[in-house]
Amino acid sequence: MTVRPANAADLPALMHLIRHVVPLMRKSGNFQWDDHYPNHAVFESDIARHQLWVVIIDELLAGVAAITEDQEPEYAQVGFDLSQRAIVTHRLAVDPAFRGRGVAAALLSQAEQIAIERGIAFLRIDTNSENQITQTLFPKLGYQYAGEITLSFRPGLRFLAYEKTL
């Protein structure tokens, strides 16, 4: 397993991954993503900003995450101090063929390494209230549940916010 920054050559594999993950999410009642988000332009922007990371296993793209300092304003709903710098993981996805192999944990470990390198003490993440997998994973990796939020760009959906302090 290799964790590395994504590049433009990864875009076809990223879109392939999203096309496989979104129907499974929807089938489980998780409507966080759809046919329009995340999209090619979002990933291009992440790559240009040097904030998109991928996991490669056996030369195949197994997972992706945007590791940023971009906090949603709605994080204030659970008392996060938005003036504090934080590493925030967005657009975390694992190819179903690689589930159970530590791909998401490797990406979150990369987020932690970036936080350490930048001297940032807080890691933050949110997940759809219907995503049972991440609700189990995040606490196992030391994230504390902070509460429920709404996100203006996903009206009608509920999200759960988590934070890890280094």
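This briefing describes the sheet, the helices packed on it, the nonpolar cores and the aromatic pairs of one chain. The model is predicted, and every value below is computed from it. Seven strands form an open sheet of mixed pairing, in the order S1-S2-S3-S4-S5-S7-S6, and helix H3 gives the largest share, eight residues, of the largest nonpolar core. A cluster of rings, made up of Phe138, Tyr143, Tyr145 and Tyr162, is linked by ring pairs.

**The sheet and its edges**

- In the open sheet, whose strand order is S1-S2-S3-S4-S5-S7-S6, the edge positions are taken by S1 and strand S6 (144–149), each of which has a single partner strand, so that one side of each is left without a neighbour in the sheet.
- From one strand to the next, the twist of this sheet averages 25°.
- Strands S5 and S7 pair in the antiparallel sense over seven bridges, and within this part of the sheet the bridge partner of Thr127 is Leu160 in S7.
- Strands S6 and S7 also pair in the antiparallel sense, here over five bridges, and Tyr145 has Tyr162 of S7 as its bridge partner.
- Six of the seven residues of S7 are buried, and this strand is therefore largely enclosed by the rest of the structure.

**Helices on the sheet**

- Strands of a sheet pair through backbone hydrogen bonds, in either a parallel or an antiparallel sense; the contacts that helices make with this sheet are listed next.
- Helix H1 (residues 11–27) packs on the sheet and touches S2, S3 and S4, with a direction that makes about 95° with that of S3.
- Helix H3 likewise packs on the sheet, where it touches S1, S2, S3, S4, S5 and S7, and its direction makes about 160° with that of S4.
- With 16 residues, H3 reaches 23 Å from its first C-alpha to its last, which is close to the 22 Å expected at 1.5 Å a residue.
- The buried residues of H3 are Val103, Ala104, Ala106, Leu107, Leu108, Gln110, Ala111, Ile114 and Ala115, and what covers them includes strand S1 (2–5), strand S2 (52–57), strand S3 (60–68), strand S4 (86–94), S5 and helix H4 (132–140).

**The end of H3 and the loop that follows**

- Just after H3, Gly119 takes a positive phi of about 70°.
- Ala121 is found in the loop between helix H3 (103–118) and strand S5 (122–128), and its relative accessible area of 32% makes this residue partly exposed.
- If neighbours within four places in sequence are left aside, Ala121 is in contact with Lys164, Thr165 and Leu166.
- The C-alpha atoms of Ala121 and Leu60, which are 61 residues apart along the chain, are separated by 32 Å.

**Nonpolar cores**

- The largest nonpolar core has 26 residues, of which Ile87, Val103 and Phe138 touch the most other members.
- Two or more residues are given to this core by each of S2, S3, S4, H3, S5, H4 and strand S7 (159–165), and H3 supplies the largest share, with eight residues.
- Apart from this core lies another one, of 21 residues, among them Ala6, Met15, Met25 and Tyr37.
- Beyond its neighbours within four places in sequence, Phe138 is in contact with Leu92, Leu108, Ile125, Thr127, Tyr143 and Tyr162.

**Aromatic pairs**

- The structure holds four aromatic pairs, and one of them joins Phe138 and Tyr162 in an edge-to-face arrangement, at 5.2 Å centre to centre and with 75° between the planes.
- This pair links distant parts of the chain, since Phe138 lies in helix H4 and Tyr162 in strand S7, 24 residues apart, and both Phe138 and Tyr162 are buried.
- Tyr145 and Tyr162 form another edge-to-face pair, at 5.6 Å centre to centre and with 65° between the planes, and this pair too links distant parts of the chain, with Tyr145 in strand S6 and Tyr162 in strand S7, 17 residues apart.
- Tyr145 has a relative accessible area of 48% and is therefore partly exposed, whereas Tyr162, with a relative accessible area of 3%, is buried.

Methods. Residues numbered from 1 in each chain as written. Predicted model: local features only at pLDDT ≥ 70, side-chain atom pairs only at ≥ 80, totals over all residues. Heavy atoms only, no water. Helix = DSSP H or I, 4+ residues; strand = E, 2+ residues; numbered from the N terminus. Buried < 20%, exposed > 50% of the residue type's maximum accessible area, 1.4 Å probe, protein only. Contact = heavy atoms within 4.5 Å. Expected span 1.5 Å × (residues − 1). Core = buried A, V, L, I, M, F, W, Y, C linked by side-chain atoms within 4.5 Å. Pairing = 2+ DSSP bridges. Axes fitted to C-alpha atoms, helices over the stretch in contact; angles between N-to-C directions. Phe/Tyr/Trp six-rings, centres within 6.5 Å; stacked < 30°, edge-to-face > 60°.
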